[in-house]
Each structure stands twice: as structure tokens, then as C-alpha cells.
Amino acid sequence: MGLRDLLYTTALSALLAFSGCKKDKSPTAPEPNHPPTIERIVANPSEPYTDERVSLECIASDSDNDALDYIWDYNGGILDKINEPEVWWTSPSQPGQYHFSVGVEDNRGGHDSETLDLRVISRFDTILVAEDVTITSFFPNSNVNFPNEPYFGMYLDVYWGGGASGDEGFNEFYLKFGLVNEQRRVKSAKLKLTLVSVDHEDRLTLESDIHKVSESWDHNIVTWDSQPDYDITPVKRFIIPEYLQVPNTFYIEHLEDLVNSWIDNSSQNFGLLVKPIERDVIKWFYSYEGAREEGKMGYSPALILEYE
């Protein structure tokens with residue numbers, strides 16, 4: 001090997017050795033980790049009934065595309081699992097507010113968490129009457145609501161027949177209820193009334209109609225002559241039963257179409273009218289005021305609802 005070749009080989013070996021050393025001293029820096037992000041927790045339905053199955057989903061993302069681990073925590077009801085992004089929850093039998101939290105980790109030190117509160121409601125609801133009043137053609141210009149007429153105001157009655165003076169007349173009564181849950185459709189609705197014994201004729205049955213009221217009224221001023229309009233076609237025809245022992249509560253069923261019409265248009269919730277269609281039988285019922293005065297609110301007129 002000549003001197004020139006020897007110098008060339010020596011220089012090349014030195015260059016390669018230098019390059020290798022430089023490479024070993026400068027390792028590539030690791031990519032930084034970005035923690036996962038929870039966008040939201042989705043519940044369906046968002047306002048469940050008691051004992052209802054609810055879908056819960058934690059929507060999360062990770063810009064590094066890391067695999068994510070989930071852990072749920074809660075304070076009531078039953079979760080089918082606690083370590084998945086989508087879980088099923090069975091709500092408790094008790095209405096109330098329930099709290100959820102979910103944590104997400106990427107196994108590289110990144111994590112995020114989020115919370116959700118759900119209100120659980122009852123599928124069933126009891127709505128006490130808000131206003132009630134008897135109107136009578138025997139006193140066409142008188143408001144007989146309590147305290148104007150204490151006895152009439154304590155009770156509601158239906159009657160078609162002759163009065164003390166021999167003239168024929170009618171007693172009918174109006175009921176108005178507050179707003180029901182406007183977010184839910186009603187599956188079934190029934191009217192609860194409690195019969196009160198005031199004379200021997202209570203032992204007879206009495207057929208009556210329920211009409212939808214189409215005009216506003218005030219129980220403190222309404223009279224027979226100023227009574228509100230109502231739909232002529234009855235919503236329901238029913239029989240007030242014969243009871244040998246009173247007080248006795250009974251129910252008039254299948255009023256869900258009427259109640260749903262109030263849900264659809266709450267501004268037209270003017271209540272209902274109970275009208276007798278048979279003669280010479282009188283029936284008396286507890287009013288709200290009568291039930292309150294006697295400390296028996298369970299006897300007050302009420303709507304019993306079951307939501308869909």
C-alpha cells in the first residue's frame with residue numbers, strides 16, 4: 001500500500017469513528033404525552049323514572065390515540081359495569097337526585113374526569129285539585145263556595161230534581177287541576193272522588209257525565225248564571241256507585257286523552273265539569289276545603305296519573 005492510500009484509509013476510518021460517536025451522544029427526544037379529554041357524559045333518558053334502565057356514555061378522546069381506561073363511580077341504583085365507556089344503569093326505586101363521576105386514564109400519566117347529576121322521578125303522580133266549586137240552579141246568582149256557604153263549600157254535589165219549593169233544578173260541580181309534567185305523555189289518568197253520606201238517597205247509583213271546560217273560571221265568584229262554557233259532548237260517562245258505608249273513595253278511569261290535551265296546550269287547562277244525567281238522586285263528595293278542614297287530605301279530589 002502506498003503512502004497516499006494509507007493516508008486516505010486512515011482519514012476515512014477517523015471520520016467514521018467520529019460520526020458514530022456523535023450519533024451515540026444525541027438520542028432522539030421522546031414525544032410529549034397529551035392527556036385524554038372528556039367531552040361530555042350522555043344519559044338517555046335524561047330524566048328517568050324510578051326502576052328504569054338508563055344508557056350512560058362517556059364521550060372522550062385522546063390526541064395521541066392512546067388506549068383509554070374508564071372508571072365510574074355513583075351513589076345509587078345499579079351499574080352493569082364500571083370500566084367501560086358505555087354502561088347501563090338501573091335507577092333506584094326512590095325518586096331523587098343521583099350523582100355520577102367518571103375518570104379516564106391513558107396509562108402514560110394523562111387523565112381527565114367529569115361528573116353528571118340525574119333527577120329520577122316517579123312514574124306515578126297524584127295531583128290534588130287546585131280549585132273546586134258546586135254551582136246550583138236553585139241559587140242561580142249565588143257563589144256557594146266556602147266560606148260564602150260553609151256547608152256547600154265543604155262538599156261537592158251532583159243532583160237533578162225538585163227543590164224544597166217544588167221547582168226543578170240542578171247541582172253540578174267544577175274541578176280544576178294544576179299543570180302536570182309537560183315533558184311526559186300520560187299513559188293512564190283517573191279521577192279520585194270520595195263519597196260522603198248526607199241522606200238516604202246516597203244508597204242509589206247515579207249516572208253522570210264529565211265534560212271538558214273551555215273557558216276560565218274562578219271558584220270564588222262563579223255562579224250558575226256565570227258558569228263557564230264547556231264541550232257539549234262528554235269526555236266520559238260513568239256511574240257513581242251505591243255504597244252502604246261512607247266515606248268511600250272510587251275512581252273514574254280512562255281520562256288520559258283529556259289530561260294529554262292539557263299537556264299539549266296548558267293555556268286551555270280549564271278543568272272539568274261533572275253533570276248528573278239521572279233524576280232524583282243526590283251525591284255528595286269531599287271538596288278540597290272539606291278534606292283540609294277535617295284533616296283528611298286523602299279524601300280531596302285528585303288526578304292519579306301514570307306516565308308513559
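**Exercise 1. Find which residues share one aromatic cluster with W89, then look at the stacked pair of Y49.**

Step 1. W89, Y98 and F100 form one aromatic cluster. Rings of Phe, Tyr and Trp (its six-membered ring) pair if their centres lie within 6.5 Å; planes under 30 degrees apart are stacked, over 60 edge-to-face, and the rest tilted. By the way, this is a predicted model: local features need pLDDT of at least 70, side-chain atom pairs count only at pLDDT 80 or more, and totals for chains, interfaces and linings use all residues. Residues are numbered from 1 along each chain as its sequence is written, and side-chain values use heavy atoms, with hydrogens and water left out.

Step 2. Count the aromatic pairs and you get 10. One of them is Y49 with Y307, which is stacked, at 6.4 Å centre to centre and 15° between the planes. Y49 lies in the loop between β1 and β2 and Y307 in strand β17 (residues 302-307), so this pair ties together parts 258 residues apart in sequence. Helices (H or I, at least four residues) and strands (E, at least two) are DSSP runs, numbered from the N terminus.

Step 3. Now check burial, where buried means under 20% relative accessible area, exposed over 50%, and partly exposed in between (1.4 Å probe, protein chains only). Y49 is buried at 1%, and Y307 is buried at 2%.

**Exercise 2. Find which charged end sits over the ring of Y49.**

Step 1. The criterion is NZ of Lys or CZ of Arg within 6 Å of the ring centre and within 35 degrees of the ring normal.

Step 2. R184 has its charged end over the Y49 ring, 4.3 Å from the centre. Over the ring of F170 sits the charged end of K275, 5.9 Å from the centre.

**Exercise 3. Work out which parts of the chain the salt bridge of D64 and R108 ties together.**

Step 1. A salt bridge needs a side-chain nitrogen of Lys or Arg within 4 Å of a carboxyl oxygen of Asp or Glu. The structure holds 13 of these salt bridges.

Step 2. D64 and R108 meet at 3.9 Å, N to O. D64 lies in the loop between β2 and β3 (69-74) and R108 in the loop between β6 (96-105) and β7 (111-120), so the pair ties together parts 44 residues apart in sequence.

Step 3. D64 is partly exposed at 24% relative accessibility, and R108 is partly exposed at 42%. D66 joins D64 and R108 in a network of salt bridges.

**Exercise 4. Compare burial in the salt bridges E131 with K176 and R237 with D209.**

Step 1. E131 and K176 have their closest N and O atoms 3.4 Å apart. This pair links strand β8 (residues 124-136) with strand β10 (residues 168-177), 45 residues apart. Both E131 and K176 are buried.

Step 2. For R237 and D209 the closest N and O atoms are 2.7 Å apart. R237 lies in strand β13 (residues 236-240) and D209 in strand β12 (residues 206-212), so the pair ties together parts 28 residues apart in sequence. R237 is partly exposed at 47% relative accessibility, whereas D209 is buried at 4%.

**Exercise 5. Give the strand order of the open four-stranded sheet and find its edges.**

Step 1. The order is β1-β2-β5-β4, with antiparallel pairing. Two strands pair if DSSP finds at least two bridges between them.

Step 2. β1 (37-44) and β4 (78-79) are the edges, each with a single partner strand, so one side of each is left without a neighbour in the sheet.

Step 3. β1 and β2 (residues 53-61) run antiparallel, joined by seven bridges. T37 has S61 in β2 as its bridge partner.
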